[in-house]
Each structure stands twice: as structure tokens, then as C-alpha cells.
Amino acid sequence: MGKVGEFTARYPWIGILLILMITAGATTAMILKPMAQSFDQEDFLPDMDVAKANTLYTDTFTATYPFIILFRGDDGDLVTPYGFKDMILLSEEIEKNETYREWKDPSSPGPSSPASALFSMRKGVDHAEAMKDISSIVTSYIPITMSVNGSSSSFSDNIDSVNLSDPDALSVFIEELDEDLDDFIGLAEIPSTSTSTPDNATEYYSSFDGTSEFKDEIRYLLSFDMANSTIQQATIDLNNYSAIADEAIQALTGTRQKIEDILSERQIPEEATSLLVSLISEINRTIERANTIMQITGMQGNPLVFGQVAQSFFIGQFFLLNFLTEDFDPSTGSFSAKGGMILVNLDYELKIMEKNKELDKLYEIEGNISTLVNSFNKGSDRSIHPIAFASVSQRIDEASNESMQVLLPAVMIFVFTILFFIYRSFIDIAINIAALSMAVVWMYGFGSMMGYSSNPMIMAVPVLLVGLGIDYGIHLTMRYREEIRKGKTVKDSLLAMSSSVGMALLLATFTTVFAFLSNISSPVGLILEFGVMAAFGIVSSFVIMLIFIPSVKNLIDTRRAKNKKTLFRGIKEGECDPEKTEKANQRITNRALLGLTIRAEKHPAVILVSVLILTSIMFGFAIKSEVTFSINDFLPDGLQESEDLGYLLNEFRLGQGTENGVIIVEGDISEPEVLFAMDEVMDNAIDIGSDYLSYEGSGASKRPKADFILYSLKDTATMIGALDPSNTFLGNYSKVFNMSTGLPETGSKKEQINEVFVEFNDLYPSLARRMIHLSDGMADMTVIAFTIGTEGDDEAWTLFDELNEIVAPLEELEGSSINRVSITGSTILMAVIIDAINSSQISSLMITIVISFIALTIAFFIEERSLFLGGVATLPVVFCVIWIAGTMYLIGIPLNVMTITIGALTVGLGITYGIHITHRFIEDEKNEEDLLEASKKTIMNTGSALFGAALTTVGGFGLLSFATMPPLQQFGQVSALAIIYSFLSSVIVLPVLLILWAKGRRKWRSRKENP
């Protein structure tokens, strides 16, 4: 440090020009390559396989681009016929919108909402009820229909043996069939399948007399059991009757043809002809009635049709429960909800626009739909707000930037005010502020060159840097003034300043930088960038302050001294006024700190025992803290967009996204062995009997609920087979895949399988995109996305282990047909992130403590030949780490992605106060016999500088409490508290430890000298 002091004393202009040139270079980097704004969950993801797989899954298998509309009932309850009617009316307006029609998801039937879901449920229940009613009547048709079938067949078989010339004989012969036909016609008619429910959803909601009746409807629909045995039996009965009626119709058709042939080919008496013609008429009526019944039973009783109806009912149930706020809870009898939402699925092309940064077009599309929603909102009694995600992210970025644009000048003003009271010199203030500003520029220039993004954590760094960086200027300036007061020249004072305080600042910089660089161990890139940027900023502050301030002071004060002008507060070069020096040391700040220190030193046992008790109590609270993570934490306060997005994430069951467990398979997906291995994975999922995987069906038809290509292909082909048996896709699928098992037929080639995949993708792109990826016409990636249910990280890790177990058949193919198998999922990812953040906290804290201890031990050993002094200086901040962790638990500040760094920062930042006091105490202890007096002298000489440095740091961090993002607020609050704790422990606890250390060393030296 002495060499640096000599350089600035001899070549001040070179030092200033060097600093200015680097500043100009950093400014150029900022202009040419500005840091891009980023507010994305991917910024928070750790550099781990699970996180990479999740990004791959969301990027590759996202099927639509969502646009959400929030509804809130102004009277506190949206579950009214009027609120649901408004949802339908807005949905209808959206469907008419040109932008929506151009950019809607082609596979989406339209906007989804609780209103459309409830109407769908009502239609499904109507179908089921009609099916039961029809079944109860159709069962009475079964015996007579079977009898008609038998008598008709008997008639056809025996008519040739009847003497048709004898009308009486013919009359007796046809009597059985005639009676059966009369009995059939005489049965009750099958009721119409039409219901009293309006076909139009708007009319449906207009039909309710009031909210009470409407809630009764919801209660009934939600309690309706679509899987009821009577409904299942009705399906069987209707299906059976269709087969019985078909046989009867065929028999009657044959009988009619037989009679018509007789009438056209043979001459029979008129009376016999009349009997046969009358019989034909009866047969026609019966066939007509039977065909009508078959059409009804075929439509109502078709298992596939009913399956679609049931599926629509259950999907409606899902939407109703999840698209209303969580206060809607039928299980507890709550049928009210303060809000709901409409989901508008837009084409995936918009997601591609977002990834490619084609934001202007994306903003335009979202803006057009938002305008429609806002216009509808003006005429509604509900509070309706669109959530256009790209536009919301843009507004959040703008608000965050606006906040930091206010906070950075605010902290500068705060620092200026503190410096004014400390320095009382505008020149010294200007020099310090200029140096600080250049450090901020250096930091941003470095971030630009490194390609870092301006994310939520990086936004805190400039404020942090101002609060920390000014400490260097305060310590340098105050030590310079102390040397001037001793009567030294400007150059000698600057040299003494650099050689004495410079070493302390170097140690402080080392520990602070390592505190930030310890975040390099974090797998979360955002935390890593934060640590590197802050560390570079601290180094920049140290270098600039150590070169720029002495160089400028050298030029200015040398000239002032030459002109016999005062340097500060009436002091001139070479003057030594002990009274003024003593008066300066007796400032109120120093006296207050001295009082604290003396009281502590007079009662060392009380202080140390109190500290240990406090630390033990705080440790008990600290271990109760849990790490949390949510992108929702970073939503700025005071924005409608943040309020809406927070409302969505906090109030809805689906706010955190659908829970899933995901297996991604990359490779030659069309190979039959890959598909068989995937099917074996699904069998394993059934066999494992997981508590966290969801299943559907029962018995032999039981299967995991999942997005799975083989399931979707089979289900789609089965549905098409019921509705359109001649469909080309069905024909191609059935040639390659077994319709029963859903697996490739023996001998199926991968080219044939791939053709089915391609055709499926062409016909149902949104559905296919959820589970298979095509590149250059070949399937190269697929996914099994299980629907899951987990609570807490422990269950998520258990699920992760289960997925690793069942995926074994696919892993056996890695290196051949399969390139890679990856496991991820929403809850698994959250567990991984929290574990990564927690591990990062522990590792960075331990690294910082160990490095700080080693660095101080080495430095003080070289300086004082003491192995214990480094530990003495480090111990108080270790206490502070425990105190701040316990305090966070007590005041309810969580350990999140920002506050998790506070442990390492407490050590790195807090230890600087200990370094300055320890370094000065060593100096004073050599000149004072009385250790208490040496300690007093240390506090008198460093108190103001330490207090000013602590005050600016606390103020800088404290101003973050006014940031718009809650984590920044919390980070500022706990950092300010950590600095306060560190400062107080340095002036109260550390002097006690230093005196004990000095006493011990003096005794040891005394024994050594006088054995």
C-alpha cells in the first residue's frame, strides 16, 4: 500500500488519467452493449440437469400461448348467474374479435371459463339423465323386440308351407307376428332427447331467478356422479337394445321382402292379399319405430359418445373448481368465490415470437385483445382485468427500472448528506461522490462486457455499491485529516494514510470480495452474476478510492498549502494544534461510542456471557427458517399488473401451474423398441402404486393420468372409429398399431410409425405438440407428463426417486435408440431450486468464514506474529450471522433467492469494522501501557469514520426498503440490520476480546522473557 501512496504522491495526474480512461472504456461498453432487461423464471433456475430438462420441456412441449382474463365480483361474490353470464358474453365478444380469430389456437373450442364449464356440465348431466330415462323405457321393449325377432323369423321360415288360398289359415299363421307387432307399437313411445336446458349458454344463465337457485344448480351438478352404477347400467342396456333391435329390424326387413315377393310373384285371393298388405304396414311401422329407438339408443348409449360426454363433464368440473378462486370450496359448503378467470388459448406462434424477441407484434396482438376486455369492463358490474403476460413483464421491467432510477439518486443524496456532516467540505464530498460514480460505471461496463442481464438481483448492486464503496473514501479522508492535524505535510499525510488505512482497506476489500465471490458456488446463475458484479464493484471502489482520492487531494491540497490556505476546518499544512485534535476526537459520535466500549470493557464477563446467551437463543430461531422460492415474490408493489398477477398466482389453485412429473426421451422415437420401453414405464408406474401419481380407470383399464403419445394416439383413433370409421388417419393408425393395446403391430417399421406421428401432428398440432417433437419430419423427442399431487419438498423428492425407478426400461436403451432420458417436473424443480439455494447459502457462508479467517490470520501473523488475532477479529461477525438469521425468523422475513445471501454478506461486510478496529488497536496497543487506554484511543480515532461508514452503508441498504420489488425491500432491511449488528459487535464485543487477547499475549511474552 505504501507503493501506491508513493505513486499517487509522485504522479497524481497519471493516476487520475488512468482512472478516467478506464471509466471512458466502461462507458463505451455500456453504450455499445447495454445490459438487457430480464425478468424470467429461467433466470432463477440452477445449472442442473433437472432445471435444464424443465426448460427443454416448457420450450419444446408448450402447446399454446395463454391470455388470461381476471373477473372479480364487486359485491365479493362472482358466483352469480349475472357474473357467469358476463363471462359468456365476454367470451362471445372475444370469439368475434378479428385478432383472436387470426391468432387463436386451432385446436381450442374457444375461451374456457367457469361459466362455459358449468354449462358443459349441465349438458352432460342432461345427457346422463336422458339416458337413464330412455333406458327405463327401452328395457320394457327388450322382451317384445326379441319376440318380434323370433316371430318374424318364424314367419319367414314357414310362410311357404301355408296355403295362401285359404285366408282363414293365413290369418291364423300371421296371428303371432301380428300380435307381437301390435304389442310393440302399443308400447310407450321413447321420449325426446331434448331437454329443458337452453342450447345457448347466455339463455341458460338468464333462466335463473336468482343467486340462491343458481348455487343450488352448482351444488347439484358438482354432486352428480357421472360414474353412478345406474348410469353405467343404462349405457349397457341401451347398447344391448341397439343390438337386439338391429336383429329384429333385419328379421322384419327380410319378412317384408318375403311378403312383397309373394305378392308380386303369386296370385292369391284378395282377402289374403289384404291380410299381407296390412301386415306389411304393421311391419313398416314397427321398423320405423325400431329405427327411431335405435337412433336414440345409439346416440345416447354409445359408450364412446358417453365417454366424450363424461370427459366433458369432468373437464368442466376441473375448470369450475380451478378457474374460481380458492374460497370456492364445495367440500366445506362454500359456493362463493371472490374471483374467477377466463383462459384464452392463442396460437403457439406467439410463444415463438416471445422467444425470438419479436415483441412489437406480440404487444400489438395482446393489446388488441386487452382493449376489447377493457372496453367490456366499462359496461360491466364486475371488475375485469386482462393479463397479457408479455405486456405485463414489460410493465414490471419498466416499473423496476423506474424504481431503481429513483433509488440510486436517493442513496447518492443520502451519502452526500452524511458526508456533509462528516467532512463539512464540498471539495471532499465532490471527490468522494465522483469516485463512487465512476465505480458504478466500471461495474456496469464490466456487466455489459460479460453479457450479464439486468435482473432483479443486479438492480440492487449499484445501491449496495454506493453504500459500501463510500466507506473507503470516509476511512481514507478521515485518516488523512488525522495525519494533517498531527502537523504533517500534505504528501506525508497522504503517504501515511495509504500505508496505514490502505492495509486495513485491502483486508476489508479481500473479505468483502470473497463474501460476494462465494456465490460462485451457487448453481443459480442469477445469484452467481449478483456475486460477481458486486465483487467487481467493490474492487473498483477500492482501486478508484485508493488512487483517485489521494491523487486529487494531492493536486488540490498541495496548491492550497502552497498558497497558505486552510485544508479543512481551519487547519493549514504544518500546523499542529493538540487542542483542536483533542476537540476533534471528542466529538459526540466518538464520545457515545467510547461510552459503550468502556462499559463493555469494565464488565467483560457480563458482555461475553450475554452474547453467548443471545446467540444461543437466536440460533434456536435461526434453524426454524425455511428457504422459499417463487417468481411471484419479485412482483413490484403498486402496479395493477403486479396486483393482478399476484392475485392469479395466490388466489387460484392453478396459480402455480399444473403439477406434473415429466420424463423426456430424446432419440429415435419411432423405433418400436422405444415405444415398447415407454409402455413398460407406464406399467411400472401402475405397479409402483405411487401416492403422488394420479391414475384413471380401474382393473385392466387402469392407467396413469398423463400426456403420453401412445395413449393419445389410441384414444384419438378410438374416438374417430366411433364417429368416422372411414377416416384416413384411423386406417393408417390401425395398420401400424394394435387398436386394442395401442402398441406397434409385430413387423411395424419405424418409417411407418413416424408417418403416423407426422399425420397426427398435422391433424392435431396443439395436442401433438404437448407430447412429441418433430425435426425435419422425424420424431426426435417425446415426453411422458404425469399428473401428480405432492405437498412439500420431501414428497417431491420421493416422487423424483419413484420416477427414477420406473424409467429404467428407457435408460437401458440409452446409447442406442435413445440419446438421453431426463426427469423433471414442476414440484420437483421447486424442490431442486430450494435445495440448490439452501446449499448455496451454506457453502457461501462457510467459504466466506473460512477465507476471512485464513486471510486475517495470515495478515495479522505477518504483522504481529499472532495466530489467534485473526480468529478474534472474525468471531464477532460469526455471532452476527446467527443474530441476523434469528431476527429474520422473528420479524417474518423469509430466506429467498436474495435474502439467502445475507449470511455470507454479514461476514464479508461486517468484518470490515473489525478489521479497522483490530488494525488500529494493534497500533495503539504498542504505544499504550494501559490496554483500556489503548482501546479508548482506538475508538476515539476510528469511531467517527466507522460510524459514518456504517451509517452510509445502513442508509444505502435501508433505501432498498423503498424498492418496488419485495425481495429487494427485504434484502435491504436485513442487510441494514446486519450492518448495525456488525458495527455494534465491533465497538462493544470486539474491544473486549482484543483486550483479553492483548493481556494473554503480554503474559505469554512476559513468561518467555522471564522464564
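Let us begin at the second largest pocket of this predicted model, which has 20 residues in its lining. Those lying nearest the centre of the pocket are A622, Q841, L845, V881 and A885, so these are good names to look for when you want to find the spot in the structure. The volume of this second largest pocket is about 500 Å³.

Which elements give two or more residues to its lining? They are four helices in the numbering used here: α22 (604–622), α31 (826–864), α32 (869–891) and α33 (902–927). As for the character of the lining, 16 of its residues are nonpolar and four are polar, while none is charged.

Now let us turn to a sheet. Strands of a sheet pair through backbone hydrogen bonds, in either a parallel or an antiparallel way. Here, three strands form an open sheet in the order β2-β1-β3, and their pairing is antiparallel. Strands β2 (339–346) and β3 (383–387) are at the edges, each pairing on one side only. On average, neighbouring strands of this sheet are turned by 20° against each other, with direction ignored.

How many bridges join β1 to β2? There are eight between strand β1 (residues 65–72) and its antiparallel partner β2. One pair to look up is I68 and L343, the latter being the bridge partner of I68 in β2.

A helix also packs on the sheet: α23 (residues 640–651) touches β1, β2 and β3. The direction of α23 makes about 95° with that of β1.

Conventions. Residues are numbered from 1 along each chain as its sequence is written. This is a predicted model: local features need pLDDT of at least 70, side-chain atom pairs count only at pLDDT 80 or more; totals for chains, interfaces and linings use all residues. Side-chain values use heavy atoms; hydrogens and water are left out. Two strands pair if DSSP finds at least two bridges between them. Axes are lines fitted to C-alpha atoms, for helices over the stretch in contact, and angles run from 0 to 180 degrees between N-to-C directions. Contact means heavy atoms within 4.5 Å. On a 1 Å grid over the protein atoms alone, a cavity is a set of points where a 1.4 Å probe fits but cannot get out, and a pocket is an open set with protein on both sides within 12 Å along at least five of seven lines; lining residues have an atom within 4 Å of a point. Grid points are joined across faces, edges and corners, and a volume is the space filled by probe spheres set on the points. Ala, Val, Leu, Ile, Met, Phe, Trp, Tyr, Cys and Pro count as nonpolar, Asp, Glu, Lys and Arg as charged, and the others, Gly among them, as polar.
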